[in-house]
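User: Please take a close look at one part of this model, the pairing of charged side chains within its helices. Then set that part against the other features that can be read from the coordinates.

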Amino acid sequence: MKEVADIFGISTECGDYYRAALTHPSYTKENNLEYGECYERLEFLGDAVLKLLVSDLLFETYPDYTEGDMSKIRSVAVSDNTLAKIANKMGLDELILVGEHDRKLGVQNLESVTACSFEAVLGAYYLDGKLAELTEFIKKVFPPYLVEIEENYSKYNAKAILQEYTQGLSKTIPVYRLANTSGPAHNRVFTVEVSYNDEVVASGSGKTKKEAEQHAAYEACKKLGAI
């Protein structure tokens, strides 16, 4: 509880919530704990809380933006990639309990796991009656990320931009193919090629296939003049 309070700058009172928020399902199974003692239920709640607070921040920060503009930024702001960046910077990833087998596989390093635990902690704070404090936390932590996303949105949504652009030229859509996988199981690097009209246009790499596809799409967008 003290470590969570130090990281988020918000005092805590209900210890069981926070322990569950930092417990991966593999840990509960390995130690014969109840399902409710892992982060999944709290993550479900925290996801809703996060979207509400980020939406409120966007509404306040960008008074001239349309619903579509704010939705685009929010989709990236609450993504696993962004949440993992925030959680890792705060040191939250070091507190997550993972089963021994999954730990050997490097599961604790996955963006999805860190992001889920981050959301679960927000859910725990909500149940703890800390919504006002959470609002201030979001207003303090998220603005730099929103600015970066707003300024570089094409990098985050390159796949959609590429598909819209190519469909405007013809009915053919881009095709993505996994070209290579390298690195140990806990630190994989995926390389993806994107083709258009049966010709490889560009390639990109990332820690997930989805990230690699976005990077490949971004390079293709630049090459084709879509952005």
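Analyst: In this predicted model, K51 and D47 both belong to helix α4, which covers residues 40-61. The two are 4 residues apart, or about one turn of the helix. Their side chains meet in a salt bridge, with 3.5 Å from N to O. That distance falls inside the cut-off, since a salt bridge here requires a side-chain nitrogen of Lys or Arg within 4 Å of a carboxyl oxygen of Asp or Glu. Side chains of opposite charge can pair when their charged atoms come close. K51 is partly exposed, at 36% relative accessibility, and D47 is also partly exposed, with a relative accessible area of 23%.

The count of salt bridges in the model comes to 6. One of them joins the side chains of D6 and K2, at 3.0 Å from N to O. These residues sit in helix α1, 4 residues apart, and so are separated by about one helical turn. Both D6 and K2 are exposed.

Another salt bridge links K222 with E219, where the closest N and O atoms are 3.4 Å apart. Both residues lie in helix α13, 3 residues apart, which is again about one turn of the helix. K222 is partly exposed, with a relative accessible area of 41%, and E219 is partly exposed at 35% relative accessibility.

Helix α13 itself runs over residues 209-224 and has 16 residues. From its first C-alpha to its last it reaches 22 Å, close to the 22 Å expected at 1.5 Å a residue. The buried residues of α13 are A212, E213, Q214, A216, A217, Y218, A220 and C221. These buried residues pack against two helices, α11 (153-156) and α12 (158-169), and against the strands β1 (175-182), β2 (189-196) and β3 (199-206). Just after α13, G225 takes a positive phi of about 80°.

Towards the start of the chain, E13 lies in the loop between α1 (2-8) and α2 (15-21). E13 is exposed because its relative accessible area is 57%, and exposed means over 50%. Leaving aside neighbours within four places in sequence, E13 is in contact with M1, Y18, D128 and K130. The C-alpha atoms of E13 and D128 are separated by 6.9 Å, although the two residues are 115 apart along the chain.

A nonpolar surface patch of about 330 Å² is made by Y17, Y126, L127 and L131. Of these residues, L131 is found in helix α9, residues 131-141. L131 is partly exposed, with a relative accessible area of 34%.

The cysteines give a count of 0 disulfides. The sulfur of C38 has its closest cysteine sulfur in C116, 10 Å away, which is too far for a bond. The same distance holds from the side of C116, whose closest cysteine sulfur is that of C38. A disulfide would need the two sulfur atoms within 2.5 Å. C38 counts as buried at 2% relative accessibility, and C116 counts as buried at 13%.

Technical notes. Residues numbered from 1 in each chain as written. Predicted model: local features only at pLDDT ≥ 70, side-chain atom pairs only at ≥ 80, totals over all residues. Heavy atoms only, no water. Buried < 20%, exposed > 50% of the residue type's maximum accessible area, 1.4 Å probe, protein only. Patch = residues over 30% accessible without salt bridge, like charges linked within 9 Å, V, L, I, M, F, W, Y side chains within 5 Å. Areas by Shrake-Rupley, 256 points an atom, 1.4 Å probe, with all protein chains shown as cover. Contact = heavy atoms within 4.5 Å. Expected span 1.5 Å × (residues − 1).
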